[in-house]
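Colleague: I'd like a close look at one part of this model, the part built from strands, along with whatever packs around it. Please take me through it slowly, as I'm more at home at the bench than with coordinates.

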Amino acid sequence: MERIVYFDNNATTRVAPEVRDAMMPFLGELYGNPSSMHAFGGQVAKHLAKAREDVAAFLNCSPEEIVFTSCATESDNTAIRGTAEYFGHDTKIVTTAVEHPAVLQPCRRLKALGHNVVELPVDHVGQIDLDNLRDELKGTKNALVSVMWANNETGTVFPIEQVAEICREYGAVLHTDAVQVAGKIPVDVKKVPVDMLSMSGHKFHAPKGVGLLYVRKGARLKPFMLGGHQESGRRAGTENVPYIVGLAKACELAASAMRDEAEKLTVLRDRLEAGILAKCPNVRINGDKNHRLPNTLNVSFEYIEGEAIAYHLSDLGICISTGSACASGSLDPSHVIRAMGVPFIAVHGSVRFSLSRYNTEDDVDYVLEKLPPVIRNLRDLSPFGPDSDPTTFK
């Protein structure tokens, strides 16, 4: 393969060399259990405490409000199912139609068990109507709202600060899946007073297998993992110290370079978008162009399949996605793109380009060189086109 251009960073990212180096001592000589009473384990406990402090500083919260988990899927499940279990069947759960499966599936499971669950619709750019949220919370005694900070497929950033204000007005508990914003835009839980927040390390250059759940002091939920005293009794299991240390280092790196990286990624993303629009006819950009992540571009190529685009680009060393990696394997079009009302001629041709600090202008130019011939060839093979009968797409 001539080269690899990795534009699938919303699925996972390369582990930063600095993160790997910070982890190595805990994969070697510092292997003690931080819960042990002896000094050998105690020295590891000190590093764990320091990592907790560093991660808390990244979110501007207290170290006691950090619960380390295995990933954001566990964090999401803990927040949603733990809150619902605490309040019981009287809990009303409000989420959106474009959430990650790690939120939607637990909510739908709770609905099947008898909970009142509402999925708020979105408009054509993937934004929610805050009046709809207010309407759902009026007169509700125990409500849990789970709204993502930014969408993993389109990059659309939700008005989470306003969502938090509405939840406080009506006394609702607010959980946000902040997986895609961590390391890309500032996350400050004092400025945006969410009650719970999920993050995953591998989305911003820490390894897979570590995440966190921020739980505001006083928030009420029952633990999802039982069997030990770890994480102040909120998440049982021996702490994954090497990966937690790596997560803390990733937070440090992100905090120090976030503004510069956001500017760089915005330029690269816009260069890619402009090139695609100039070189490929019958395309549309999905998402809120005025409120989106700096690294994310979602494009629909009309009359062809996104999976075919991804496979052909893969043969050329270009890595992209047709949506959430957690939903791969399904031939159904993206639930996010469908919820936005994208026309059927385009919904199947949606692909996502997501960049990271390690991408360059040369990467963008390579994609802009290789992508247009792929699109032309696929359209030449397709029985559909601009002159086709629209009813054939139904």
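**The sheets and their helices**

Modeller: Let's start with a single pair of residues: Thr95 has Glu119 of E4 as its bridge partner. Strand E3 (residues 92-96) and E4 are joined by 5 bridges and run parallel. A word on the names: strands (E, at least two residues) and helices (H or I, at least four) are DSSP runs, numbered from the N terminus.

Please keep in mind that this is a predicted model, in which local features need pLDDT of at least 70 and side-chain atom pairs count only at pLDDT 80 or more, while totals for chains, interfaces and linings use all residues. Residues are numbered from 1 along each chain as its sequence is written, and side-chain values use heavy atoms, leaving out hydrogens and water.

Now step back to the sheet around that pair. It is an open sheet of 7 strands in the order E2-E8-E7-E6-E5-E3-E4, with mixed pairing; two strands pair if DSSP finds at least two bridges between them. At its edges are strand E2 (66-69) and strand E4 (116-120), each pairing on one side only. From one strand to the next, the twist averages 15°. Angles here run from 0 to 180 degrees between N-to-C directions, and axes are lines fitted to C-alpha atoms, for helices over the stretch in contact.

Two helices to look for pack on this sheet. Helix H2 (residues 39-59) touches E2, strand E7 (196-200) and E8, and its direction makes about 110° with that of E2. Helix H6 (residues 160-170) touches strand E5 (143-146) and strand E6 (173-177), making about 160° with the direction of E6. Contact means heavy atoms within 4.5 Å.

Next comes another open sheet, with 3 strands in the order E9-E10-E12 and antiparallel pairing. Strand E9 (283-286) and E12 are its edge strands, each pairing on one side only. Its twist averages 30° from one strand to the next. H7 packs on this sheet and touches E9, E10 and E12, with its direction at about 10° to that of E10. Helix H11 (residues 361-381) also lies across E9, E10 and E12, running at about 25° to E10.

Within this sheet, strand E10 (residues 296-301) and E12 run antiparallel and are joined by 5 bridges. Thr296 stands opposite Ser354 in E12. Strand E12 (residues 350-354) has 5 of its 5 residues buried, so it is largely enclosed by the rest of the structure. Buried means under 20% relative accessible area, exposed over 50%, and partly exposed in between (1.4 Å probe, protein chains only). In a regular strand the side chains alternate between the two faces of the sheet. In E12, Ser350, Arg352 and Ser354 point one way and Val351 and Phe353 the other, and all are buried.

Finally, a pair of helices. The axes of helix H3 (residues 72-87) and helix H4 (residues 101-112) come within 9 Å and cross at roughly 25°. That makes H3 roughly parallel to H4; angles under 35 degrees count as roughly parallel, over 145 as roughly antiparallel, 65 to 115 as roughly perpendicular and the rest as oblique. The H3 side of the contact includes Thr73, Ile80 and Ala84, and the H4 side includes Val103, Pro106 and Leu110.
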